[in-house]
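The following exercises concern a ligand site and a sheet beside it in the sequence. Please work through each task before reading its solution.

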Amino acid sequence: MTIQIRTLTPTIGAEIGGIDLAGPLSNQQFDAIHQALLDHQVIFFRDQRMTVAQHKDFGARFGKLHIHPNAPKTLPDHPEILTIKAGPDSKRVAGEVWHSDVSCDVEPPMGSILHIHEVPENGGGDTMFASMYAAYDALSPAMQSILGTLTAVHDSRKSANHQYRDPAPDQQFPHAEHPIIRTHPETGRRALFVNRGFTTRIPQLTQTESDALLEMLFRHAETPKFVCRFKWQPNSVAFWDNRAVQHQALWDYFPQRRFGYRVTICGDRPR
Ligand code: SIN
């Protein structure tokens with residue numbers, strides 16, 4: 001059976017039907033999903049009943065699975081699983097600030113696959129995804145050219161300030177310097193690669209210049225016309241390409257519960 005693809009916006013996002021992610025994927029199915037991810041940057045699936053092992057197997061078709069250095073390992077036999085959980089006792093939630101996952105790593109993840117099991121009872125808890133191809137394309141040629149000469153520091157200490165739990169005493173704080181404009185290793189397209197969650201400064205500029213330019217770029221990246229918004233149902237799956245999008249999880253449902261598991265696929269050094 002061939003998969004069906006329904007785009008969510010002309011710029012970013014598509015919903016994929018006609019596939020059971022729990023089953024072993026044929027090479028043809030794998031190629032079709034991979035191509036849909038490259039074409040649409042984030043892809044969504046409904047009614048997927050995957051076990052944790054099947055979720056990991058699906059992710060592992062796309063690359064080695066990442067183990068988050070600081071997130072609690074809630075499933076001891078599955079350190080690759082990141083639990084996404086909010087409820088009446090939560091003080092913060094994961095991903096509330098716009099970010100590209102773990103961009104503070106020297107080799108940030110290529111993609112992430114989130115399987116939501118429980119959604120808030122009165123709605124809410126949508127996730128927003130913004131196309132960093134569109135953000136790059138909308139910049140003036142002069143700004144594209146200046147940014148092409150600059151790098152930015154991504155520091156996990158910044159994300160620790162808005163983490164969903166307080167940092168553990170032995171917590172590591174990875175940081176890395178990446179080009180502000182990266183070239184996607186598979187599509188060859190250029191993408192803006194700074195985000196409010198992790199990016200702290202542009203070392204080639206003065207502090208004032210760096211603060212002003214980064215704030216302009218964060219706001220630009222979050223422009224609504226670069227964004228698609230996904231409404232979750234139980235057993236929905238989102239698979240996003242961290243090299244081409246950034247995202248934000250809306251926490252508009254306190255004190256209701258929302259729960260799911262994420263696997264993250266290792267990536268390479270941005271260039
Ligand atoms: C995240 O992976 O950043 C969280 C996304 C979400 O909960 O929708």
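**Exercise 1.** How many nonpolar, polar and charged residues does the shell around the ligand have?

*Solution.* The model is predicted. Begin by listing the residues that surround the ligand: Ile 84, Ala 94, Gly 95, His 99, Asp 101, Leu 114, Thr 127, Trp 240, His 247, Ala 249, Arg 258 and Arg 262. Sorting them by class then gives five nonpolar, four polar and three charged residues.

**Exercise 2.** Identify side chains that place a polar atom within 3.5 Å of a ligand oxygen, and state how far the ligand is covered.

*Solution.* Take the side chains in turn. An N or O atom of the Thr 127 side chain is 2.5 Å from a ligand oxygen. For Arg 262, a polar side-chain atom lies 2.8 Å from an oxygen of the ligand. In the case of His 247, the distance from a side-chain N or O atom to a ligand oxygen is 3.0 Å. Next, consider the cover: of the 260 Å² of accessible area that the ligand has on its own, the protein covers 98%. Finally, strand 14 (245-249) and strand 15 (258-265) are the elements that contribute two or more residues to the shell.

**Exercise 3.** Describe the sheet that contains strand 14.

*Solution.* The strand order is 12-6-14, in an open sheet with antiparallel pairing. Strand 12 (227-230) and strand 14 each have a single partner, so one side of each lacks a neighbour in the sheet. On average, neighbouring strands are turned by 20° against each other, direction ignored. Strand 6 (residues 127-131) pairs with strand 14 over five bridges, and Phe 129 stands opposite His 247.

Conventions
Residues numbered from 1 in each chain as written. Predicted model: local features only at pLDDT ≥ 70, side-chain atom pairs only at ≥ 80, totals over all residues. Heavy atoms only, no water. Near = heavy atom within 4 Å. Polar contact = N/O pair within 3.5 Å; in protein donor to acceptor, adjacent residues only side chain to side chain. Areas by Shrake-Rupley, 256 points an atom, 1.4 Å probe, with all protein chains shown as cover. Helix = DSSP H or I, 4+ residues; strand = E, 2+ residues; numbered from the N terminus. Nonpolar A, V, L, I, M, F, W, Y, C, P; charged D, E, K, R; others polar. Pairing = 2+ DSSP bridges. Axes fitted to C-alpha atoms, helices over the stretch in contact; angles between N-to-C directions.
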